[in-house]
Amino acid sequence: MSMSPTMMSNERSKRPMNPHTTDSALNYLDDVKSQCDEEPGTYDAFLDVMKDFKDGRVEPRGVIQRICSLFHRHPTLLHGFNNWLPDGWRIEYGRDVRGVEVITIITPTERTTRPATSYA
């Protein structure tokens with residue numbers, strides 16, 4: 001059975017990543033590019049976020065807000081981004097008791113849950 005590019009991307013996203021390796025970073029970039037292929041500007045906006053984060057121009061909270069806005073329809077990309085967040089920071093994607101898709105942002109001091117659509 002052959003795998004579609006989406007299936008291959010999803011399989012690659014399930015692999016544990018070490019953010020300090022070139023391969024894991026390239027795999028994540030490939031995932032972003034393939035999953036956001038039909039969303040003009042998203043890939044370039046993601047690269048801008050990463051550059052700002054790397055250069056220290058934005059704090060983790062700001063990065064998470066921007067990533068949630070870009071990837072609110074891509075749970076695997078949100079989950080994969082956790083590999084680049086500092087200890088104690090995390091993004092979770094799930095459903096609340098009513099079945100609404102939600103994004104939970106966990107910081108060292110708080111936990112905030114909002115509907116995924118609120119990041120659109």
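This passage describes the helices, strands, helix contacts and salt bridges of a predicted model.

The chain contains 5 helices and 3 strands. Read from the N terminus, these elements follow the order α-α-α-α-α-β-β-β. Of the 120 residues in the chain, 38% are buried. Contacts between residues at least 6 apart in sequence were also examined, and 39% of these join residues at least 24 apart.

The packing of the helices is considered next. Two packed helices are described by the angle between their axes and the distance between the axes. For helix α3 (residues 42-54) and helix α4 (residues 60-71), the angle is about 170° and the axes lie 10 Å apart. Angles over 145 degrees count as roughly antiparallel, and α3 and α4 are therefore roughly antiparallel to each other. On the side of α3, the contact involves T42, A45, F46, D48, V49, D52 and F53, while α4 contributes P60, V63, R66, I67, L70 and F71. By residue class, the contact of α3 with α4 comprises 9 nonpolar, 1 polar and 3 charged residues.

Two residues of α3 illustrate this region in greater detail. T42, which belongs to helix α3, has a relative accessibility of 8% and therefore counts as buried. When residues up to four places away in sequence are left aside, T42 touches C36, L70 and F71. Both L70 and F71 are among the residues of α4 that take part in the contact with α3. A45 is also located in helix α3, but its relative accessible area is 25%, so A45 is classed as partly exposed. Along the chain, A45 and R66 are 21 residues apart, and their C-alpha atoms are separated by 9.1 Å. A45 in α3 and R66 in α4 are likewise both listed in the contact of the two helices.

Helix α3 also packs with helix α2 (residues 22-35); the axes of these two helices come within 9 Å and cross at roughly 145°. The crossing of α2 and α3 is right-handed. Residues Y28, L29, V32 and K33 of α2 form the contact together with Y43, F46 and L47 of α3. The contact of α2 with α3 consists of 6 nonpolar residues, no polar residues and 1 charged residue. F46 is named in the contact with α2 and also in the contact with α4.

Attention now turns to charged side chains. Side chains of opposite charge can pair when their charged atoms come close. In the model, 10 salt bridges are counted. One of them joins E110 and R61, with the closest N and O atoms 2.8 Å apart. This pair links distant parts of the chain, since E110 lies in the loop between β2 (101-106) and β3 (111-115), R61 lies in helix α4, and the two are 49 residues apart. E110 has a relative accessibility of 36% and so counts as partly exposed. R61, at 38% relative accessibility, is likewise partly exposed.

E92 takes part in two of the pairings described here. With R90, its side chain meets in a salt bridge with an N to O distance of 4.0 Å. With R111, E92 forms a salt bridge in which the closest N and O atoms are 3.4 Å apart. E92 lies in strand β1 (residues 90-95) and R111 in strand β3, so this pair ties together parts that are 19 residues apart in sequence. The residues concerned vary in accessibility: R90 is partly exposed, with a relative accessible area of 33%, and E92 is partly exposed at 30%, whereas R111 is exposed at 57%. In addition, a network of salt bridges links K51, D52, D55, R57 and R66. Of the residues in this network, D52 and R66 also appear in the contact between α3 and α4.

A further pair of residues concerns the region before the strands. N83 is situated in the loop between α5 (75-81) and β1. With a relative accessible area of 28%, N83 is partly exposed. N83 and S24 are 59 residues apart in sequence, and the distance between their C-alpha atoms is 9.6 Å.

Key: Residues are numbered from 1 along each chain as its sequence is written. This is a predicted model: local features need pLDDT of at least 70, side-chain atom pairs count only at pLDDT 80 or more; totals for chains, interfaces and linings use all residues. Side-chain values use heavy atoms; hydrogens and water are left out. Axes are lines fitted to C-alpha atoms, for helices over the stretch in contact, and angles run from 0 to 180 degrees between N-to-C directions. Helices (H or I, at least four residues) and strands (E, at least two) are DSSP runs, numbered from the N terminus. Angles under 35 degrees count as roughly parallel, over 145 as roughly antiparallel, 65 to 115 as roughly perpendicular and the rest as oblique. Contact means heavy atoms within 4.5 Å. Ala, Val, Leu, Ile, Met, Phe, Trp, Tyr, Cys and Pro count as nonpolar, Asp, Glu, Lys and Arg as charged, and the others, Gly among them, as polar. A crossing is left-handed if the near helix is turned anticlockwise from the far one by less than a right angle, and right-handed if clockwise. Buried means under 20% relative accessible area, exposed over 50%, partly exposed in between (1.4 Å probe, protein chains only).
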